[in-house]
Structure formats: C-alpha cells, structure tokens
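Hi,

I'm passing a structure on to you, since you haven't worked with it yet. Please have a look at it first, and then read my notes underneath.

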Amino acid sequence: MGGEQAWTRPARPRRPVRTGLVLGGFAMILCLVGVAGLGVWNVQVITQASGPVRETADGFFHEVSAGEVDRAYERLCAQARSRWSEVGFAGWVKTPPVVSGYEIVDVSVRTKAGRPTGEVVVRVTRDGGASEERTLPVVREKGEWRVCGDPF
C-alpha cells in the first residue's frame with residue numbers, strides 16, 4: 001500500500017524586510033540620479049546663457065552710446081516696450097547727459113521659477129565724464145535675450 005512519496009523541495013522562508021530594503025534602496029538611487037541630472041541641466045542652462053546675456057547688454061549699450069536708439073529699442077522686452085513708446089525712449093536716451101561709454105563689470109545668470117534670467121552690472125559713462133554703475137535686467141523672451149526694466 002504505501003508507495004514512497006516523491007521528494008519535494010522544502011518551502012523557502014519569505015523575507016519581506018529584505019525585499020523592502022532592496023526596493024527602497026533602488027528607489028533612493030533612482031531619485032538621486034534624477035536630482036543629479038536636474039542639477040547638471042541647470043548648470044548647463046546657466047553657463048550657456050552668460051555669453052548671450054553679455055552680448056545682449058553689450059549690443060544694447062553700444063547702440064545707445066552710438067546714438068542708434070531705434071536699434072536699442074528693438075532689444076527691449078515687451079514689458080519695457082509697453083511702458084516706453086519708441087519716441088519716448090529716444091527722447092529719454094538723448095536727454096543730456098547722454099551715455100558716451102560703458103564697461104560691463106559683471107554678468108550673472110540664474111533660474112527663477114525654472115526660467116533663466118540675467119543681470120548685468122554696467123558702469124555707464126556720460127558726457128562730462130560722470131560715471132555710475134547700473135544693474136541691467138535681461139530676460140529670455142521668445143527664444144531671444146532682451147533688456148527688461150529701466151537701464152538708466
């Protein structure tokens with residue numbers, strides 16, 4: 001009657017704590033990689049933007065000091081253009097003492113609410129030799145960097 005029973009493998013004990021720790025560790029590594037990737041992306045955006053921000057400010061002040069007010073007006077952001085008409089801006093720029101020279105002192109770019117913004121510190125020289133430092137805000141608008149705010 002009794003035949004031998006076939007051999008069966010014994011049941012493995014479950015280890016839910018170890019499984020949870022492994023999955024938790026994997027999730028932590030995944031989050032760290034994501035944060036590192038965002039950090040690298042942010043650094044790239046900022047370092048790549050400082051050159052164009054400097055060029056925008058340089059072009060703007062070159063045009064203002066050369067008397068090319070209409071070209072300088074085109075470099076203003078929409079917000080600044082809504083405050084100044086082209087004629088009003090030209091009158092403001094040509095009011096003595098006019099800008100005769102400039103020197104870019106510092107360029108800084110940062111992200112604000114996920115969007116890159118820049119500030120350029122410029123030493124403006126006016127007719128008569130008086131000079132002053134001004135902070136020029138620069139924003140990205142429709143894929144181009146534009147001067148925003150009152151530059152004088």
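Here is what I found about its salt bridges.

This is a predicted model, in which local features need pLDDT of at least 70 and side-chain atom pairs count only at pLDDT 80 or more, while totals for chains, interfaces and linings use all residues. Residues are numbered from 1 along each chain as its sequence is written, and side-chain values use heavy atoms, with hydrogens and water left out.

Searching the whole structure turns up nine salt bridges (a side-chain nitrogen of Lys or Arg within 4 Å of a carboxyl oxygen of Asp or Glu).

Arg123 is a good place to start. Its salt bridge with Glu103 has the closest N and O atoms 3.0 Å apart. Because Arg123 sits in strand β2 (residues 115–126) and Glu103 in strand β1 (residues 99–112), this pair ties together parts 20 residues apart in sequence. Strands here are DSSP runs of E, at least two residues, numbered from the N terminus.

Arg123 also forms a salt bridge with Glu133, at 2.9 Å between the closest N and O atoms. Glu133 belongs to strand β3 (residues 131–141), so this pair ties together parts that are 10 residues apart in sequence.

How accessible are they? Arg123 is partly exposed at 29% relative accessible area, as is Glu103 at 43% and Glu133 at 44%; partly exposed lies between buried (under 20%) and exposed (over 50%), with a 1.4 Å probe and protein chains only.

Elsewhere, Glu132 and Arg134 meet in a salt bridge (3.6 Å, N to O), and a network of salt bridges links Glu63, Glu68, Arg71 and Arg75.

Best wishes

Conventions: Helix = DSSP H or I, 4+ residues; strand = E, 2+ residues; numbered from the N terminus.
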